Amino acid sequence: MSNPDESNWIAPEVLSGIRQQFFAECSDHISVLEAGLLELSAGHNDWEIINTIFRAAHSIKGGAATFGVEGLQHFAHELESPLARFREHHTFPSPAAIKVLLHAIDLLADMTRAALDGGCLAQDQIDSCVRELSTIEHAPIAEPASQVSKRSGSDNAFEDIGFVPAQAEFVEIASEPQHFRVRFRPHGELYARANDPLPLLRALKRLGEAEVTLDADSLPLLSELDHNEGYLFWTIDLLTAHDEAQIREVFEFVEQECELEIVCISSVAPAPENSLSPQKPEAPPQSNSPVPTQTPTSKGTQLSSTLRVNLDRLDRLMNLVSELVISEATLCEYAPPETDTHPNFPKALDDIKMLTRDLQESVMAIRAQPVRTVFQRLPRLVRDIEMATGKEVHLVMEGEDTEVDRTLIEGLNDPLTHMIRNAIDHGIEDAATRVKAGKSQKGLLRVSAAHRAGRLIVEITDDGQGLDRERIRSIAVERGVIGAEDVLSNEEIDSVIFQPGFSTSEKVTDISGRGVGLDVVNRSVQALGGRIAVSSRPGLGTTFSLSLPLTLAVLDGMLVSVCAQGLVVPLTNLLETVPLSTENLLQLGANTELLAIRGRHVPLVDLGALFEYRPPAPIKAEGVAVLVEADTGQQIALIVDDILDQRQVVIKALDIDTHPMEGIAAATVLGNGRVALILDINAIVALRRPKGTPAERLAADG
Amino acid sequence: MAERALSPKTPTASARELMSFRLGTQMFCVDAIAVKEVRNWSQATLLPRSPSYLRGVINLRGIILPIVDIGVLMGLAPNDATDDRVIIVVWVQKRLVGLLVDEVCDLVTAPQEAVETTSDLTGEAIHTIVRELITVEGAVLGIISLEQVMPRREGSSA
């Protein structure tokens, strides 16, 4: 356990994001506290309320400690203390005590608000409240309900230890350190709930001197391993001045998901407790009140100006807006000619159009998230890679506030992770090589995000050795990615690294994987409607640029018709349109037609035949050729019957997996209610590219 | 709509509720609980390289609904007079699929005892789709196995 404290390396801007989250949660906890106390004051004496409000106060304290909001942490602790006492002694607060507690909660809400803005409250106000709280805490204990007192057996961890004075946690503890042995056996559920043993072990280490022993004896053979199960167990020998309750507190949130045994070994300690299963507080017979924990209060919501909304609701709203956009298009399509209508009708229609667009943009804005949510994981990632490679990297992040639709945020994570791994593993040299090259020992990795021309641009720049084009070339030839005689420009060689099966790493590392490198990145970026490009200067570094649409919900496209079917060509792929005529149509061989355009010749694709809308027939000089470019830079010309419109379309999932939808990315609904299919230009280019060399194909045909 | 009067019997615990429909001269039915709605034919958009039983997709209030010509799927003669035909929108494994049929007839309640399992002797396509028969008032109806209508492909990416 030699890891440094985590707070040493979290960048401040990352913390601030998590901090916002904490304050949002604080307001929830305060609502819970308030609701619980109001229930109690209404005479609903239920143990679960005491437990719930205690947990809420405790969570605020824990969060405040994590973010170093000291005033809040101390105050939450003062608030927690009397609650802990009620919980321990199985008593309910008196009406007077509830009044004090409610006042304290109001103050807590004020403090949270002040802390969010970076301020604090007047100290005397806090002090007087703390004094009031301590009077409740030290008030003589009311006689607990008789039934309850019976259950104060060894099943309650707090029982035998007695109450810890409020200040104990914050001042140096003078008492003798004791030796505890903690056995911690996490179940599978602990991991399933995204808990991690490491922070728990670290937290233990903070309590005193800890010696952690891993017990991996239960680890089965790989073939028998259930990846949902926990097989690793730890024994921690802890020399600490804290007591067992405080050790147990570390595990408070995972208690249900592990076996925990805390034994005091040193002789000065109280008698060791038996193995403790999760506590099951039995409801005393007299309590028959309703469960109060969900009671909403209006006060708690005042705290924050943000609102957390279930994503389903947001998606539903988005769907409704999409429908509205379609209905609006329908309305425009069926609008009577101007001469037949009320003079105000066109104006009203225009208003609807404008409002619909505004509404759509507003909903999109709600769904937008800053890329920070992805970026904030990067320091940790970089640090892990640094450890694994032994290289030193200085990470600079820019434009974390750039917003994109949340669907893209999710999709951005993996490509970014992969590319950063790649940049450190392959791009940045080790310290010795860097010094020899006259660079600083520490590599520089810059990750930036920005909006450009309606797209999100993410750039990953390193100051490493740059791409080794000689090596890329020779490996590409060796693996058959390119021919030995092919003449390639520098840019073309660079883009070879995105080809499937290409990896220049001489040894397979844990970091960059097994040749599933950039081609996977390339494909996942393309799946998001994005493109990836690389530029490199030998010895100076490499830049990867990702260009992604800002949303996956709408798309600008050109509506064309083929055999009376509506098809949408994404504008990002569209270059230009030309009417087909005998002048620009060229026959090459038996089955290839070319479009002559400004001195170049581009292969023509008959979409109707490719999609089997009609039987293949020789291409005639009629219709329109739509010149498109795939992300690879390859150009083809699609033959369509007609060009109908250029418009923004709402993307609808085409949820049919019974047969391959090659060439189709998604669908949309037109104003007339009919469905149009959105073309996947990259797939169409790939569809018509035959596999293998001509000789191989002939062999296969034979 | 009721071409044949199939009067519902008193529902029992093991009763089966079915919606019957006509394809050519034959009668079939689907479990009524899977039926979302019945709607008229609207012009479908053809999907590329699709099998003949897949009649394309239509817009069902924002949902892209694939239309399956269930008759063609079962090997019956195609009926291209689509304007006269109707679409039964059914749930198949949490997705909606439109079944193109000639006519919707009735809602039928029949006891589970009236259901017999067919045995596949001929290996024809219809046997994958119709695995049960039900006799209602002397008429024999093939029950469509909905999960066979749009089987999921292995390793599909959708």
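**Exercise 1. Find which residue in E7(B) stands opposite Ile87(B), and place the two strands in their sheet.**

In this predicted model, where local features need pLDDT of at least 70, side-chain atom pairs count only at pLDDT 80 or more, and totals for chains, interfaces and linings use all residues, Ile87(B) stands opposite Leu100(B) in E7(B). Residues are numbered from 1 along each chain as its sequence is written, chains are lettered from A and ligands numbered from 1 in the order in which they are written, and side-chain values use heavy atoms, with hydrogens and water left out.

Next, take the strands, which like helices are DSSP runs numbered from the N terminus (helices: H or I, at least four residues; strands: E, at least two). Strand E6 (residues 86-92) and strand E7 (residues 95-101) of chain B pair in the antiparallel sense over 7 bridges, where pairing requires that DSSP finds at least two bridges between two strands.

Finally, look at the sheet: it is open, has 5 strands in the order E3-E6-E7-E5-E4 (chain B), and its pairing is mixed. Its edge strands, each pairing on one side only, are E3 (35-40) and E4 (54-60) of chain B.

**Exercise 2. Compare the span of helix H3 of chain A with the expected one, and state how many of its residues are buried.**

Begin with the expected span, defined as 1.5 Å times one less than the number of residues. For the 20 residues of H3(A) (residues 70-89) this gives 28 Å, and the end C-alpha atoms are 29 Å apart, which agrees.

Then consider burial, which means under 20% relative accessible area, against over 50% for exposed and in between for partly exposed (1.4 Å probe, protein chains only). By this rule 16 of the 20 residues of H3(A) are buried, and the helix is mostly covered. After the helix comes His90(A), whose phi is positive, near 55 degrees.

**Exercise 3. Describe the aromatic pair of Phe184(A) and Phe251(A).**

The whole structure holds 5 aromatic pairs over all chains, counted when the ring centres of Phe, Tyr and Trp (its six-membered ring) lie within 6.5 Å, with planes under 30 degrees apart called stacked, over 60 edge-to-face and the rest tilted. Phe184(A) and Phe251(A) form a tilted pair, 4.8 Å centre to centre with 50 degrees between the planes. The pair links distant parts of the chain, for Phe184(A) lies in strand E1 and Phe251(A) in the loop between helix H9 and strand E4 of chain A, 67 residues apart. Both residues are buried, and ring pairs link them with Trp234(A) into a cluster.
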